[in-house]
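Open the model in your viewer and keep the sequence panel beside it. This tour goes from the whole chain to its sheets and helix contacts.

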Amino acid sequence: MPSFGFISDKLEIKFLILYIMARVVEPVPFEMIQELSMFDGGVDYFAFSECLADLVRTEHLHLEEGLYQITDKGRHNSSVCESSLPYSVRMEAERRLILCNEQLKRRALVKADLRPREKGGYEVSLSLSDELDELMSLKLLVTRQDMALELQKRFRERAEELYAKILADLYGKD
């Protein structure tokens, strides 16, 4: 079955991957690159996977501990070749990158870890930072792992809201 899209061959898929990787704010896993890249009908999973592997093999991308990062060689070649990508493809990639980079930046600023305690129970460490400093650090002890995991999940989802509530409570304001 023929594919329909602006991307028509593996070289263009490589250009697209390099374009995206030059603009992500930190190393990312395979699935995230796939999600960012596979919006054009001309990009299928198998061609994408092969192109990504080729870019690692040719040292345009570096793979470490399951995370991909662009190399200087990849960044240089991306800047030279990015104009070869159709404008609409670049604009859609940019749109997707904005959302992705916001998520990556937030994930770096909101931390939630747990560790079992020797005396029993779990210690949940929660922190919220901005680009300059840590705004809040909180350690909680809970008795069960499922409780600790739920605290982590809720904090990651609503860290800013919880921070604002704690401040409001401490200041005695609604």
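Helices here are DSSP runs of H or I with at least four residues, strands are DSSP runs of E with at least two, and both are numbered from the N terminus. By that count the chain has six helices and six strands. This is a predicted model, in which local features need pLDDT of at least 70 and side-chain atom pairs count only at pLDDT 80 or more, while totals for chains, interfaces and linings use all residues. Residues are numbered from 1 along each chain as its sequence is written, and side-chain values use heavy atoms, with hydrogens and water left out.

**Stop 1: the whole chain**

Show everything as a cartoon. Follow the sequence and you meet the pattern α-β-α-α-β-β-α-α-β-β-β-α. The radius of gyration is 21 Å, well over the 16 Å that the globule rule gives for 174 residues, so the chain is more spread out than a compact globule. (The radius is taken over C-alpha atoms; the rule is 2.2 Å times the number of residues to the power 0.38.) Along its principal axes, the C-alpha trace spans about 60 × 40 × 35 Å.

**Stop 2: the sheet β1-β3-β2**

Strands of a sheet pair through backbone hydrogen bonds, either parallel or antiparallel. Two strands count as paired if DSSP finds at least two bridges between them.

Select 28-29, 61-64 and 67-70. Three strands make an open sheet here, in the order β1-β3-β2, with antiparallel pairing. β1 (28-29) and β2 stand at the edges with a single partner strand each, so one side of each has no neighbour in the sheet.

Start with β2 (residues 61-64) and β3 (residues 67-70), an antiparallel pair with four bridges. Click Leu 61: opposite stands Ile 70 in β3. The hairpin of β2 and β3 has two residues between the strands, and there Glu 65 takes a positive phi near 50 degrees.

Now move to the other side of β3. β1 and β3 are joined in the antiparallel sense by two bridges. Val 28 faces Tyr 68 of β3.

**Stop 3: the sheet β4-β5-β6**

Select 110-116, 122-129 and 134-142. Which order do the strands take in this open sheet? The order is β4-β5-β6, and the pairing is antiparallel. At the edges stand β4 (110-116) and β6, each with a single partner strand, so one side of each is left without a neighbour in the sheet. Neighbouring strands are turned by 15 degrees against each other on average, direction ignored. For such angles, axes are lines fitted to C-alpha atoms, for helices over the stretch in contact, and angles between N-to-C directions run from 0 to 180 degrees.

Seven bridges link the antiparallel strands β4 and β5. Ala 112 is opposite Leu 126 in β5. Helix α5 packs on this sheet and touches β4 and β5, its direction making about 50 degrees with that of β4. Contact means heavy atoms within 4.5 Å.

Next come β5 (residues 122-129) and β6 (residues 134-142), an antiparallel pair with eight bridges. Ser 127 has Ser 137 as its bridge partner in β6. Four residues form the hairpin connection from β5 to β6.

Add 145-171. This is helix α6, which lies across β4, β5 and β6 at about 150 degrees to β4.

**Stop 4: α5 and its helix partners**

Select 87-109 for α5 and 30-37 for α2. Their axes come within 10 Å and cross at roughly 155 degrees. That makes α2 roughly antiparallel to α5. (Angles under 35 degrees count as roughly parallel, over 145 as roughly antiparallel, 65 to 115 as roughly perpendicular and the rest as oblique.) Show the side chains: Met 32, Glu 35 and Leu 36 of α2 meet Arg 96, Leu 97, Cys 100, Leu 104 and Arg 107 of α5.

Now add α1 (residues 10-21), which packs with α5 at about 35 degrees, the axes 10 Å apart. Leu 16, Tyr 19 and Ile 20 of α1 touch Val 89, Arg 90, Ala 93, Glu 94 and Leu 97 of α5.

**Stop 5: α2 and α3**

Finally, keep α2 and select helix α3 (residues 45-57). The two pack at an angle of about 125 degrees, with axes 11 Å apart. That makes α2 oblique to α3. Look for Phe 30, Ile 33, Gln 34 and Ser 37 in α2, which meet Tyr 45, Phe 48, Ser 49 and Leu 52 in α3.
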